[in-house]
Amino acid sequence: MSLLDIKNLTLEIDLASGWVKALDKINLVINEGQIHALVGESGSGKSIIVKAIVGALPDRWRVTADRMTWRGQDLLTMSASERRKVIRNDISVIFQNPKNSLDPLLTLGEQIKELVPTYRLESFWFWQRAAEREKIAIELIHKVGIKDHKLCMQSYPHQIANDVCQKFMIAMALVSEPKLIIADDPTRGMEVTAKSQILKLLSRVNQVRKLSVLFVSHDLLAISSMAHYMTVLYCGQTVESGKMLQLRKRALHPYTQALLDSAPSFRKELPPKSPLSSLDGTIPTLQHLPIGCRLGPRCPRARKECVVVPAVRRVHEHYYSCHYPLHWDKK
Amino acid sequence: MLKVILRFANLVVLTLLVLSFFSFLLAYMFPGEPLANLTGVVRGNEQQLEALGQLYHLDNNFLVQYWYYLAELFDGNWGLSFSSGLPLASEIARTLPASIELSTYALILSMFIGLPLGFIAGLRHRKTTDYALLSLSVLGYSIPVFWLAMLMILGFCLQLGWFPLSGRLSLLYEVPRISGFILLDIMWSDLENKSAILIDALRHLILPTLSIAAFTTTIILRITRRSVIETMNSDYILAALARGLTPWQILFRHGIKNALMPILPLIALQFTTLLTNAMIVEVIFSWPGIGNWLIQAIYQRDYPAIRVGMLAVSTLVVLFTMSIDLLIRLVDPKKSKVERVAI
């Protein structure tokens, strides 16, 4: 059974020039126990999807979807407090910038203890409950690989290093024993050892606790080793999604291919001194979105038909939306 | 912590020294002879002038004079007023508490009104409530204080007759002076009709307090609103929302503290404006405070009084702002420990 099922999620933002679709018909399905990677350039709307899922968007933005369900419950029609309950119990988010997403005036200990849900506490009196909260917090802090729990709980967010902070955020995400962890670019700006520690931690959490992880990143290298399933995003449109292995072996969309080519470690026979490949141009701003397929102006295979938004097509478990996919050449 | 306190104390001492030096210089900067400015004796005979000059060490070096001036200040010997002939120290001890009392009540009142309203406006950002409060604050912000005070007198004293026109207490009552703060004095006194006196004092207080507080309230409202909007849009509040905390939990556990932290020093700074406004309002309501007294002194060219009065008021302001700053510095964890923890 799928945990999160999103179909045609559209988000419109009111700019001076009128309503702009920041997300255009996004499809995303996350199954139980799966690591799902959401990949795209910066500015492609990855973080906005995360915020739309947890409902942390400003009120003046318009969100519509054909379907947005959490284990069969419709997230869009439920009341704010019901939705909050779902999120509180089942979904946890790890944010890009761990330091900014912690309250600067409270110690880390206070902040993690605040999140311990009441149903995990057995005792009745508040002092016993406080001790229990403390115990749960310490346990989790140890689990994410922070040894000195005392120092960690006593310090303020600005006093500890970024990667420790991110580990702590993972501990905070695990407090409510969620079904799904959404990791929004958790390794941004970290050096390699810290990065691999965080990634290992996430995949271990996935294996040991049967947690699903939605891993949002632009770092293909990091994702490819751990993710089972991948969705590629370009400029607020889902470009292609499918099993990680399949996508790596045979990408159907020119954008996915370009993304894979841009990471040198994926190319097997890369001769020395050959130029690194990348798509020309940059991702368009929200004010100047092209019509039809948004990759159009940058796409090496674009033709006349590309001014119409391509429909989603499917080859087995592999979805793509392109008028001229790569595998047609080979026919 | 001790280091911080020491640093602040150092700063306070230096600032006060500079202030006292300015007040010392004033005797030379007023028009006329320094000796005449200090003593008020314009046409004395030779001997008298010489004796007075020796008293003020006028034939000595400039710095030596300043040194003697400081010594006199610390002795509590602040000179005599030209107009009343009374020692200035006792005059200031009589008038300053009245001003402090008025300003304190006005500050407390404006915080009690301004902070909650600012929070409401900030939380209802871009909604009708926000716009209504904002336009109200623009109104309060742009009304001149003296004009508002006059309007209040016109409306509530002369037309409606609800409140007394001037002074601190009706002439019928006589309260023994202990602290100089009228409400405290009434509480401490053992007069028979205590509650009647208290009500009378409060009725005298209402109009001046309101007319001073109006301006400060609007400023506090605007500062608070700005800060609340910024705080509620910050990443950690959104993150707390995404963690599934209720809006009330977020506001009370994370919002209020973080929104208040940056604005407390700004509010403390408002005390200066408040005191200035209080001085003007004191004149209008004949409040026996330092502002009224200083302005009388200026009218009467009472140079020693101007000199010492200015020093007293500025010392008060400096001490108040510095102590609030120190308090915030000690409370704020973002500033308290700079060293990083290695885990």
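Is B:Phe156 to be classed as buried, partly exposed or exposed, and at what relative accessibility? In this predicted model, B:Phe156 has a relative accessibility of 29% and therefore counts as partly exposed, since that class covers values between the 20% limit for buried residues and the 50% limit for exposed ones.

Aromatic contacts were examined across the structure, and 13 aromatic pairs were found over all chains. One of these pairs joins B:Phe24 and B:Tyr66, whose ring centres lie 5.5 Å apart. The planes of these two rings meet at 55°, so the pair is classed as tilted. The contact connects distant parts of chain B: B:Phe24 belongs to helix H1 (residues 2–29) and B:Tyr66 to helix H4 (residues 62–75), with the two positions 42 residues apart. B:Phe24 and B:Tyr66 are both buried.

A further tilted pair is formed by B:Phe156 and B:Trp162, with ring centres 5.8 Å apart and planes at 35°. B:Trp162 counts as partly exposed because its relative accessibility is 47%.

B:Phe24 and B:Tyr66 also take part in one aromatic cluster, together with B:Phe21, B:Tyr28 and B:Tyr69.

Arginine side chains placed over aromatic rings were considered next. In chain A, the face of A:Trp19 is covered by A:Arg62, at 3.9 Å from the ring centre. In chain B, B:Arg222 lies over the face of B:Tyr141, at a distance of 5.0 Å from the centre of the ring.

Terms used: Residues numbered from 1 in each chain as written. Chains lettered and ligands numbered in written order. Predicted model: local features only at pLDDT ≥ 70, side-chain atom pairs only at ≥ 80, totals over all residues. Heavy atoms only, no water. Phe/Tyr/Trp six-rings, centres within 6.5 Å; stacked < 30°, edge-to-face > 60°. Helix = DSSP H or I, 4+ residues; strand = E, 2+ residues; numbered from the N terminus. Buried < 20%, exposed > 50% of the residue type's maximum accessible area, 1.4 Å probe, protein only. Lys NZ or Arg CZ within 6 Å of the ring centre and 35° of its normal.
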